[in-house]
Amino acid sequence: MTAPDPKDFKPAPPAPQPGGLAARAMVRPATPPYLEQLNPEQRAAVEALDGPVLVLAGAGTGKTRVLTTRLAHLLNTQKAWPGQILSVTFTNKAAREMKERIGALIGNMVEGMTWLGTFHSIGVKILRRHAELVGLRSDFSILDTDDQIRLLKQLISTEGIDEKRWPARQLAAHIDGWKNRGLTPDKVSQGEGAAYANGKGKKLYAEYQARMKILNAVDFGDLLLETLRLFMENEDVLKEYRIKFKYMLVDEYQDTNVVQYLWLRLLAQGTQNICCVGDDDQSIYGWRGAEIDNILRFEKDFPGAKVIRLEQNYRSTPHILAAASGLISHNEDRLGKTLKTDLKDGDKVILRGHWDGDEEARTIGEEIEALQIKKTNLDEIAILVRAAFLMRSFEDRFITLGLPYRVIGGPRFYERAEIRDAMAYIKITQSPDHDLAFERIINVPKRGIGSTSVKKMHQFARDNRVSLYRAAQAMCQNGGLTKRTASSLAGLLEDFARWRSKLDTLDHTELAEIILDESGYTQMHQVSKDPKSDGRLDNLKELIRSMADFENMTGFLEHVALVMDTTSEDAEQKVNLMTLHAAKGLEFDHVYLPAWEEGLFPHQRSLDESGHAGLEEERRLAYVGITRAKKRATISFAQNRRVHNLWQTSLPSRFIDELPQENIATDDMDSGYGGYDKSVFGGSRFDDITPFSNTYQTPGWQRAQQRQKSGDNLHTAPKIIEGQMAATDSTPSAFEPGTRIFHQKFGYGEITDISGNKLTIEFEKAGEKRVIDSFVEVA
DNA sequence: CTGGAGGATCTTTTT
DNA sequence: GATCCTCCAG
């Protein structure tokens with residue numbers, strides 16, 4: 001998939017009124033060159049400018065190209081100005097990419113496309129303009145997940161609820177779910193409100209919203225929900241935006257949730273010029289409220305909608321495509337598409353079983369090294385995992401091998417503790433009433449202001465209906481704190497006042513440096529013996545550096561709140577490591593898909609929480625994974641894997657069974673493509689086990705299947721079952737300390753400690769390990 | 001009251 | 001392996 005050549009596009013002549021007489025009279029070439037490069041379906045999707053259009057774009061069918069060309073076409077035919085087109089994407093990455101590619105087509109006219117962005121960033125923009133209509137001030141702050149949890153924890157403990165029993169995260173998840181479905185507290189049904197803490201959920205939600213209004217803050221969900229409320233309650237505002245957005249373009253429509261859907265529908269009822277692009281087979285955000293239904297019922301929502309299917313795949317070889325198609329055909333809820341490719345045969349999808357996760361990482365590492373020697377571009381190699389923790393074994397391996405790699409969407413820069421601390425200092429300097437930020441750093445570095453003092457301040461703040469900062473000020477002067485605490489606190493408040501006075505005069509990066517320096521925060525890390533401190537100091541420097549890209553502090557804070565990732569452009573070739581979710585929309589020559597094991601993939605949690613729908617979503621995730629590959633896909637699984645420092649035995653994923661056999665090569669020596677050499681790297685006991693035969697005869701697998709049949713798997717996994725069942729089981733372990741045992745991975749050993757079903761065993765060869773009791777037998 | 005040390009419990013995916 | 005939480009000493 002390549003971007004259309006910029007020189008094929010002739011910029012539109014300057015500017016008669018769109019749709020005006022002059023525009024209509026203008027002579028244009030019959031077929032603009034950029035259209036000729038498209039296939040008939042793509043072209044139809046680009047040219048159907050007016051009225052509702054749904055483009056069902058299968059993986060690798062040139063979706064982004066259609067989107068960008070369509071935008072260019074809209075501008076070129078002068079149907080609209082850049083500022084009259086609303087184009088929403090799902091991620092910042094997608095928004096950035098689209099902007100770049102449109103820029104390549106239309107040049108700096110792209111700067112006029114002010115309404116291109118994620119739902120959230122567009123929501124903020126609209127909300128800031130009309131903040132007072134939803135009870136906010138226009139300088140409201142945006143809370144991230146961490147702030148959200150802290151705030152909820154406070155509310156929960158005030159309510160006298162045991163946070164142990166009812167975790168704040170759970171409440172946050174409920175609230176998020178409600179917001180995703182467009183439910184304000186008053187609209188949450190009693191039954192649902194009861195889902196948390198015996199019926200207190202609804203009340204807490206209302207309290208949370210009220211508290212946010214006092215703090216002049218919103219969370220991610222509000223950015224959508226409050227914008228929707230704004231439109232629904234203010235007809236004139238809605239009308240304004242209906243007129244403003246002459247054309248609407250929605251990317252990844254299958255990932256929209258109910259609020260986003262309502263929001264779009266409300267706006268689209270004006271001109272009806274809405275074009276949604278998506279692929280029902282790639283809907284992987286159901287857990288975040290995405291309604292695959294939105295795309296499935298588009299034609300009902302917009303009567304007379306044109307539906308265009310893009311089925312010509314330009315990315316993958318036939319075997320890869322067939323394997324992916326075969327897998328996804330096991331899903332029931334789909335619109336159905338048949339992807340075709342003109343590419344030549346290529347390799348079959350390779351399937352490999354491993355003895356354990358380490359061997360899997362080793363094998364993949366060796367193979368990538370072999371590719372590297374053959375001068376393969378490392379940027380074209382990716383390892384896609386189901387869960388982030390699976391990346392670690394690959395990182396370890398790559399570090400040992402000296403293989404350069406990058407983690408995409410890994411631990412986010414702005415989520416690191418030191419960055420959040422620094423940001424908190426900056427936020428307080430700018431808006432003193434930001435209670436959550438204040439609380440975060442009030443005792444970092446240590447100032448002798450402990451939790452008891454903070455509690456007192458909270459009490460005072462609540463009683464007098466002021467912010468924590470004001471409460472602190474008052475209590476410093478009027479007493480209520482110990483002398484020591486009060487003087488320390490007074491010092492801090494003075495610092496803040498001083499920094500604040502410089503806010504307008506001093507350059508924001510300079511001020512940030514002064515704040516970090518004078519607060520003692522930098523010093524705290526300099527003095528620390530923690531080996532990670534150096535890295536933290538580097539991160540702080542990087543923070544200051546990235547601030548320089550922004551005009552002022554306000555602009556920077558907005559960026560941080562919405563665009564959590566940093567775009568570090570590195571020229572060096574590196575292997576890509578990421579989760580399957582992060583991989584959507586990307587493509588690579590070589591794709592590795594490790595850890596296809598029951599319980600992990602499909603993930604047990606997904607099955608427990610969403611049942612059949614969850615399984616289908618997991619399958620779509622697998623489909624997304626395979627379809628990222630252009631030339632070669634390698635799927636693997638391991639029989640043993642360490643999770644939370646415990647060894648677990650796993651079964652191959654059911655998805656492996658669903659792959660069409662004729663497109664799969666189970667013998668890695670057959671591939672003739674740098675397969676690893678057993679004689680060199682040491683074969684494993686698993687090498688001769690093909691996943692289609694005796695693996696499924698293992699006792700564990702049969703047990704798992706029996707449990708599934710008896711419906712006993714609601715809360716336990718076939719895989720993790722062994723641990724979880726035993727953990728909840730009150731029957732004591734059959735083992736005793738001192739017992740000599742045998743374990744199939746580690747050999748003989750002696751039990752030194754027992755905690756529930758977890759055994760600590762001193763192995764003769766492998767040293768001390770913790771394992772689950774069901775994996776060992778008395779020797 | 002504060003701060004350090006040691007312990008339990010997790011990790012699916014993200015704006 | 002990391003973070004959060006609890007407990008205990010000063």
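1. Helix H21 supplies the largest share of the surface near DNA strand B, namely 4 residues. Here a residue is near the strand if one of its heavy atoms lies within 4 Å of it, and helices are DSSP runs of H or I with at least four residues, numbered from the N terminus. The model is predicted: local features need pLDDT of at least 70 and side-chain atom pairs pLDDT 80 or more, whereas totals for chains, interfaces and linings use all residues. Residues are numbered from 1 along each chain as its sequence is written, chains are lettered from A and ligands numbered from 1 in the order in which they are written, and side-chain values use heavy atoms, with hydrogens and water left out.

2. In total, 28 residues surround DNA strand B, the closest being Arg386, Ser453, Lys456, Arg605 and His644. By class, the residues of this surface comprise 6 nonpolar, 15 polar and 7 charged; Ala, Val, Leu, Ile, Met, Phe, Trp, Tyr, Cys and Pro count as nonpolar, Asp, Glu, Lys and Arg as charged, and the others, Gly among them, as polar. Of the strand atoms within 4 Å of the protein, 63% belong to sugar or phosphate, and the rest to bases.

3. Base oxygens of DNA strand B lie 3.0 Å from a polar side-chain atom of Trp287 and 3.4 Å from one of His581. For His120, the distance from a side-chain N or O atom to a base oxygen of the strand is 3.2 Å. The elements that give two or more residues to the surface near the strand are helix H21 (451-464) and helix H29 (604-626).

4. The structure holds 25 aromatic pairs, a pair being rings of Phe, Tyr or Trp (its six-membered ring) with centres within 6.5 Å; planes under 30 degrees apart count as stacked, over 60 as edge-to-face and the rest as tilted. Trp178 and Tyr205 are stacked, at 5.4 Å centre to centre and 25° between the planes. Trp178 belongs to helix H8 (residues 168-180) and Tyr205 to helix H10 (residues 201-215), 27 residues apart. Both Trp178 and Tyr205 are buried, that is, under 20% relative accessible area (1.4 Å probe, protein chains only).

5. The ring centres of Phe438 and Phe496 are 6.4 Å apart with planes at 70°, so this pair is edge-to-face. Phe438 lies in helix H20 (residues 435-441) and Phe496 in helix H23 (residues 483-501), so the pair ties together parts 58 residues apart in sequence. Phe438 and Phe496 are both buried.

How values were computed: A polar contact is a pair of N or O atoms within 3.5 Å; within protein, one must be able to donate a hydrogen and the other to accept it, and residues adjacent in sequence count only if both atoms are side-chain atoms. Buried means under 20% relative accessible area, exposed over 50%, partly exposed in between (1.4 Å probe, protein chains only).
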